[in-house]
Amino acid sequence: MAKLSKTARIYAVVQQIPVSCVATYGDIAKLAGLPRHARLVGYALHALPANSELPWYRVVNSQGQLSLGKLSPAGAAEQYERLTSEGVTFTSQGRVPLKHYRWQPHPLAWEAFILNL
DNA sequence: AACATGACCCTAA
DNA sequence: CTTAGGGCCATGT
């Protein structure tokens, strides 16, 4: 196990986020077996090519906000568009209600999945 | 090699 | 609600 690089593991996890769901940077790091490496997740997504099929837009920060906003308003707009087109609704304060949309994989099923990362 | 930066998180005050 | 500090590590200079 652990054949893939940390970045590759992160991408593999993001790829598993279901439609109409979101996950936080911290969630991704933890699920990839890299607890407390949330910052690495942000860096990995930043290095992602624009034509990537990876559902990067389903990753938000721990407060349900679109972290891309301050750096790239255009990117944030695309993220908002993609999420809403999947049926995700935002609060009046522009946040995603994590209570409703946060992705939580079944522990046992996930344990089996991460073995071949 | 050291140093600074960053699509971050968590806790404490 | 806000701010501050520590933790993390790939990248660029």
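## Helix H4

The buried residues of helix H4 (residues 73-85) make contact with strand E2 (59-60), against which they pack; contact means heavy atoms within 4.5 Å. Helices (H or I, at least four residues) and strands (E, at least two) are DSSP runs numbered from the N terminus. The model is predicted: local features need pLDDT of at least 70, side-chain atom pairs count only at pLDDT 80 or more, and totals for chains, interfaces and linings use all residues. Residues are numbered from 1 along each chain as its sequence is written, chains are lettered from A and ligands numbered from 1 in the order in which they are written, and side-chain values use heavy atoms, with hydrogens and water left out.

The buried positions of H4 are Gly75, Ala76, Gln79 and Leu83. They lie on the same side of H4 because they cover an arc of only 100 degrees around the axis, the arc being that of the directions from the helix axis to the C-beta atoms. On the other side, Pro73, Ala74, Glu81 and Ser85 are exposed. Buried denotes under 20% relative accessible area and exposed over 50%, with partly exposed in between (1.4 Å probe, protein chains only). After H4 comes Gly87, which has a positive phi near 100 degrees.

## DNA strand B

DNA strand B is surrounded by 15 residues, the closest being Arg39, Leu45, His46, Trp56 and Ser62; a residue is near a strand if one of its heavy atoms lies within 4 Å of it. H3 supplies the largest share of this surface, six residues. By class, the surface has seven nonpolar, seven polar and one charged residues. Ala, Val, Leu, Ile, Met, Phe, Trp, Tyr, Cys and Pro count as nonpolar, Asp, Glu, Lys and Arg as charged, and the others, Gly among them, as polar.

Two residues approach base nitrogens of strand B: Arg39 places a polar side-chain atom 2.3 Å away, and His46 a backbone N or O atom 3.2 Å away. A polar backbone atom of Ser62 is 2.8 Å from a phosphate oxygen of strand B.

## DNA strand C

Around DNA strand C are Lys6, Arg36, His37, Arg39, Leu40 and Tyr43. Helix H3 (residues 38-46) gives the most to this surface, with three residues. Of the strand C atoms within 4 Å of the protein, 76% belong to sugar or phosphate.

A polar side-chain atom of His37 lies 2.6 Å from a phosphate oxygen of strand C, and one of Tyr43 lies 2.7 Å from a sugar or linking oxygen.

Technical notes: Polar contact = N/O pair within 3.5 Å; in protein donor to acceptor, adjacent residues only side chain to side chain. Expected span 1.5 Å × (residues − 1).
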